[in-house]
Every structure is written in structure tokens, then in C-alpha cells.
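Reader: I am new to looking at protein models, and I would like to learn how to read the features in one. Could we go through them one by one?

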Amino acid sequence: MKMCFMLLLIVFSPFMAAGSGATALGQLCFKDSPNAFKVRISLKTALGDEAYDWDESEQFYFQATVAYGMRKSMNKPFNVSDVHICEKTERISFYFVVTDPYSGSKPLPKTDVENAIRMVRARFNNAFSLDDHTLEFVGIKPTFSPTPEQPVTVWLIVFGVIMGLIVVGLIMIIVTSQRDKMKKAKSAEKEKENEEANFKGAENGISCQALCESEGCQNEAFYPDDDNLTTL
Amino acid sequence: MEDGRPSWDNPMQFIFACISFAVGLSNVWRFPYLCQMHGGGGFLIPYVIMLVAAGLPLFYLELALGQLMRKGSIGAWRAVSPYLIGVGAGSLVIAFLVSVYYNAINSWSLWYLFHSFENPLPWASCPLNRNNTGLIEECAKSSATEYFWYRKTLNISPSINDTGIIHWGMILCLILSWLVVYICIIRGTESTGKIEQLTDPKSWIDAATQIFYSLGLGFGSLIAFASFNEKNNNCEIQAVIIALINSLTSVFASIVTFAIYGFKATYNYESCIERMILLLTNTFDLEETAITSDTLDKWTAHLNSTAPDKFATISSQIETCDLQSHLDTAAEGTGLIFIVYTEAIVHMPGPSQIWSILYFSMVLVLGIGSMLGNMAGVITPLSDMKIISKYLPRELMIGITCLMACGTGMIFSTEAGNYWFVIFNDYAATLALLLIVLIEIIGVCYIHGIRRFLGEIEMMVGRKPNLYWIVTWVFISPALIVSLLIFYVVDYITSGRLSYIAWDSSEGRSVTLEYPTYALAVIGLLVVASISCIPLMAIVVYIRKQLKK
């Protein structure tokens, strides 16, 4: 009886080992694992008609890129087999965990993986022709590219130009109006002078020179009597 | 002309000056808003009736008065009856108050215009926060255009009590806009006419107020403009033309505005749908192209019924995308011009800078045109008063007025500035204008005498105004305005405490607050300042006459 039992155990042990191997993977990478990252890939949004199909080779590429990132970050010889993928969906989303290349039983903590991904994020995106939004690592915030700072405050320059134009225009207007006023004042004075000259002309006899200079010749006889001149 | 008063080069200049004054930002922002609030095209019915019954007659009255008396508002009303000088003074006060706050709009337009030269436009996207991990919270919760308006342009405080610091960029723009206005005014009648480039129950009450405010009645500006006319100018036809053009521009602007509303609503609606599709696709790990905009509702229902637990986790983020609700959100005033339109501009095809520059140049031209009319209502009566014109040269007087208005307007550059702006916008001109216009028409028809007025017009233009004008002047318009006034007073009394809309930066949306007492006092002061001129000046004139005896 004991021999039979021992025989059965030996026969069935490989199967049990295989089963526990499978469950071992299941224990490594599962949906609610604290060390697993969810990845979401939006090929159609990123590439439209040129989207490639997500197949086993693409998944292999993904594993290789993760391994590359881990190598860069932790300087350990990670391999494709250290990246475990599970819970694949039609969305093209899946979970993955990374195990240590030396002791492949426990998954590495999330922070290590996160640092590695952040370090090579640009290369990662380029590898798949995607960007931070179409290749999503749920939990790793995309690094925003800061909006390019304006080299000079542009609006101040435009303001300065317009302000300068307005001030120049203002000065020109004020100067020309003052000039016009002075001209008017001068010509008003000239009118007064001419009247006085006419006055003199009337006193000293007809003096056409003085009369003709400003407004043409006037016949003294027809010059209307101004009230001012009646003091003669 | 014998009296040495400058005059327009030709009648077209006068017409363009009036159009430039009348067609302003209220055509672009207030009329489309009222149309939408009161049922769209149906609003045109009360609008046209009010235009014909009260707007046009009063418009012609003011023009005829100015052309007859050849003086600004104070001088014109003194000629009608010495006791009515207060009407002119009230118009002057209103015109000054409006000038103070109206130019703030031009300074905002300048600010946006200068920023339109930046690439990319600063209101196109939200800026990042300090450690570059995400967008600034206030911006993410509202939108990039709202953030730029409330934070970068106004730097608005949470309530009217927190005055805060002055926005220096805004002060610079305000000074520049006053310089532009100053330059245009000191050129006198020549310049205002040349601004010709213009591409553009409650509904009855709103129609009437819109007509009055839009036509610029009661500011004294129309009297001022008309006072520079030749004596025999046919201002009757011109009044009809200008009022028609003003109304047509309002309708045209509404068409454009509604197109922009539609564009914005469609864009927001489509973004909403895309967001929902992404949310469902990601939560349920469906294939990327499984949900389309047509099948979104079916999928939502299906997923809700087949996986209710999972659906419940995202139920708070589910939005119902409804095009109608986006269309129904109307914005008026500064919200329309600086938020809705800029958002539409950002999404227009081609380089947005060009659209933006064009748009804000148009807003600026409209605003400056109206400003010149406002200032004419202030400057002309002042320069007619011999006391002032004897001691002050014209440029200096205008400069002092502009300086005073500019200085007062600096309060709009503080953090609470926009709240004070709304107070001025809502209360400086509305009730007082109605009263002034009412006294105008009573003064001309009953105190001056309608027959005398008709005879004077016959002397000026060559023929008596026809029955339509007489009936509206004597009966219809005064009755309409009295009923409007009664409505307003009743509304003020019954609506309880006045409230305003403040911006909550932590939530990224608007909230309604009540005015503190001192703000209510300022409101009262604004309304009383112009109205009180009428009885005060009448008393002064009466006392003077008694003293002379």
C-alpha cells in the first residue's frame, strides 16, 4: 500500500509541479497585484489607418523594451523572460510585472519599475510610434512638456510700438495746432498793421505801396469809413 | 456759419459719426443675448415696435434739438427752458460716468490684441503648474480661455470686498486707450466722422432698454453731434437712416454671434462625446473602435445593465452630452466677447493669430467709436460754457477731462475691478437715462411747446414733421417711458437685495454673492448723481431769478 502510494506520488508530482508553476505565474502577475502596472495602448487614436496589429511579436517588443529600461535603470542583466504579461484585453491593455533576473520568484516593487520607465519614456514612446497619451502606464503620470516661454514679452513690444506712434502723433497734432494759432495771431496782427497803414495813408495822402502790399490796391475814395477812424 | 461754430464737412460725416457712436459693443454683445433669452427671432417684434414707437421719435427729437439750438446738451436745454438746464447737466454726468467705465473695455481689447501676436495664443492651452506635473488647477477645472480672462487679464479676487493689487499691464493699456481717445477728440469734428469703417414683458422692457441704450439717447452726444450741422440739414431722413442702420447692425451681429455659439456648442458637444467614449472604453477594456458617437447611448445602457458594479465606479464621471444644453448657455457682456469668442477663435482653421488680431481690432474700433460719442456728450456742453472756454484752451480742457476719467477708471484695474465695472455697467446709465429721456420729451413737447417746436423745425428743414412724429412725441413715447420707469422701480423694490456674480478660483466657476452695503451705497450714488442734477439746477435757476428781482 505504501509502495503504491509512493508510486502514485512520483507519477503525479510533475503534474503538480507544473500546476504550481502555473499558479506561481498567476501569483506573480494578476489584476490587483500591488506590483503590477496596467498598460493601455491606443493604436487607432495615434496612427489611424496606419495602425499596426498588436500581436505576439509586438508584445515581445514591449517586453524587450521594458527589460531595456530596467537594465538602464538598475544595471542588472534583465531579460525578456523577466517581464511577465497577463490579463490581456481587446482594448489592447494588459498588466505586467518585472522579476529580478537573479531570483525570479518575487516581482520587483512598483517604484523601481516606475523609475525605469520614466528614465527611458521618450525612447519607449518612439519605439512604438506612440506618445504619453496613447501608450499609457496607469499610475505613471505623463511628463508634460512645459509651454515654450516667450523669449521676450511680446505684448510689451507691440504695446511699446503703438504707444510710441500715438505719442508721436499727439506731439505732432499739438505742435501743428500751436503753429496754426501763432500764424492766425500773426495774420491778425498784420491786419491791424494794415489798418494802421491805411490810416497813415489817409493822413499823408494816397500811398499805394502800403495799401497794395496786403490786399491789393484800394481806392481811397471808396474805402468805407471805419468808426475807429472818424477821430480824424 | 455766422456764429463761428465749426461744422461737418458734409452731411455724410455727420451720419457716420452718429453711426459710429450708436453702433457699438451693445450691438455685438447685448442684442444677441437678449434675442436668445427671449425666444430668438420673436424678440424682433417687440424690438421693432419699441424702435418705431419710442426709439426713432426720440432720436429725431434729440437731433432736431441739437441742430436747432446749435449748442451742446446744457446750452440746448437752457434754450428750451432755463429750468431744464438740469437735463443737460444730467446727460453730461451720465456721459462722463459711461466714459469712465466704457474705456476699460477698450483697454481689455488692447490687452488681448497685443497678446494676439504671441505664438501660440496664450489662451489656447492651460499652463503647467510649478513642478510640471500637471495643469494649473484653476485652469483645469474651468477652461483655458476662462483662466486667461479671469486670472491673467483681470486677476480677479473672490469677492468685491478684496480689492487687491493693481494690474500694471491693465493700467498701461488703459492709459493707451485714453491717449487714443484724446487724439481723436482734439481733432474735433473732422476726426469723429472719419471713423467710418464698420463691418457689422420682460422682452418688451429689454427691447426698449436696448433701443434706448443702443441708439445713445439721453447722453447729450446726439445733441452735440447735431449742433455742428448746417441749419437746414434734413435730419429727419438722417435720423431714420441711422436708427435703421443701427438695428440692422444688431441683427447682423446676432447672426454672427449665433454662428459662433453653434460652432462652440458643436465643438464642446463633440469633445464631450469623445471623453465619454474614452471613459467607457478604458473602464471596460473594450476594443478601441467598438464605441462610436452613434452607438454611445446604446453602449452606455448595455454596460450599465450587464456590469452595474463596474459601471457604478465611473457613474460620477458620466456626463450626458446634450447639444441643446450647450446651445442654451448664453453669455452676455464681457463673458461673450472675451471668453466665448476667444474659445471659438482658438479652434478656427488656419493661424489663430490672424483671426484674433482681426477680431480684437474690430472690437477696438467699435469701442473707440462709441467712446468718441460719449466724450462728445461731455466735451461739447463744457466747451459751450463761456466760463470754461475763456480760461482754458480746448486741448487743455479735453486733456483734464480725459485725465480725470482715466484716473477714476484705474479702479477697474484692481483685483476687484471687474465687480465695480459691472456695477457701473448695470446702474450708471440705465435708470437715469430713462428719466432724462422722459424729461427731455416732456420738456420739448409741453414746456417748450410742441407747436413752437414744430414751427422751428419747419423753419430749419423746410416742412413740418408729419403726423407720425407728432403723435409719438406727444402721446406714445412719454406713455411708454413712464410705464418702463414704473416697471424698473417696481423691479428694484421687489427683487430684494441685489446680487452679483463672482469667480471662485478654487472651483473654477462662477458663484452668486450679495452686494455689501457700501457697494449698494455706490450704486445709489451713481443713479442719484445724474438724476439729482435736474431738480438741483431748477432750484438754482429759480433762486437766481428771485435774487435778480
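**Reading the model**

Author: Let us begin where the chains meet, keeping in mind that this is a predicted model. Chain B and chain A together bury about 2,900 Å², and 67% of that area is on carbon and sulfur atoms.

Reader: Which three residues supply more than any others of the area that chain B buries against chain A?

Author: They are B:Phe114, B:Asp285 and B:Glu288, which supply 23% of the area that chain B buries against chain A, more than any other three residues. As for contacts, 35 residues of chain B touch 33 residues of chain A.

Reader: How should I read charged side chains, and how many salt bridges are found across the interface of chain B and chain A?

Author: The general idea is that side chains of opposite charge can pair when their charged atoms come close. Across the interface of chain B and chain A there are two salt bridges, while the count over all chains comes to nine. In one salt bridge, the side chains of A:Lys181 and B:Glu395 meet at 3.8 Å, N to O. Within chain A, the side chains of A:Glu136 and A:Arg40 form a salt bridge at 3.4 Å, N to O. This pair links distant parts of the chain, since A:Glu136 belongs to strand β4 (residues 135-138) of chain A and A:Arg40 to strand β1 (residues 37-41) of chain A, 96 residues apart.

Reader: What should I look for when two helices pack together?

Author: Two packed helices are described by the angle between their axes and the distance between the axes. Take helix α3 (residues 44-69) of chain B and helix α12 (residues 235-284) of chain B, which pack at an angle of about 140° with their axes 9 Å apart. Because of that angle, α3(B) counts as oblique to α12(B). The crossing of α3(B) past α12(B) is right-handed, and by class their contact has 14 nonpolar, three polar and one charged residues.

Reader: At what angle do the axes of helix α2 (residues 25-37) of chain B and α12(B) cross?

Author: The axes of α2(B) and α12(B) cross at roughly 70° and come within 8 Å. The angle therefore makes α2(B) roughly perpendicular to α12(B). Among the residues that make the contact are B:Phe31 and B:Pro32 of α2(B), and B:Phe258 and B:Tyr261 of α12(B). By class, the contact of α2(B) with α12(B) divides into eight nonpolar, seven polar and no charged residues.

Reader: Which residues make the contact between α5(B) and α24(B)?

Author: Start with the geometry: the axes of helix α5 (residues 85-115) of chain B and helix α24 (residues 533-548) of chain B come within 7 Å and cross at roughly 140°, which means that α5(B) is oblique to α24(B). The contact is made by B:Ile85, B:Gly86, B:Val87, B:Ala89, B:Gly90 and B:Val93 of α5(B), together with B:Cys533, B:Ile534 and B:Met537 of α24(B). These residues comprise seven nonpolar, two polar and no charged.

Reader: What can I learn from the backbone itself?

Author: As a general guide, most residues other than glycine have a negative phi, and most peptide bonds are trans. In this model, B:Arg70 has a positive phi of about 55° although it is not a glycine, and B:Arg70 lies in the loop between α3 and α4 (73-80) of chain B. A cis peptide bond, with omega about 0°, joins B:Asn119 and B:Pro120, and B:Pro120 is in the loop between α5 and α6 (137-141) of chain B.

Methods:
Residues numbered from 1 in each chain as written. Chains lettered and ligands numbered in written order. Predicted model: local features only at pLDDT ≥ 70, side-chain atom pairs only at ≥ 80, totals over all residues. Heavy atoms only, no water. Axes fitted to C-alpha atoms, helices over the stretch in contact; angles between N-to-C directions. Helix = DSSP H or I, 4+ residues; strand = E, 2+ residues; numbered from the N terminus. Parallel < 35°, antiparallel > 145°, perpendicular 65-115°, else oblique. Left-handed = near helix turned anticlockwise from the far one by under 90°. Nonpolar A, V, L, I, M, F, W, Y, C, P; charged D, E, K, R; others polar. Contact = heavy atoms within 4.5 Å. Buried area = accessible area lost by both parts, 1.4 Å probe. Salt bridge = Lys/Arg side-chain N within 4 Å of Asp/Glu carboxyl O.
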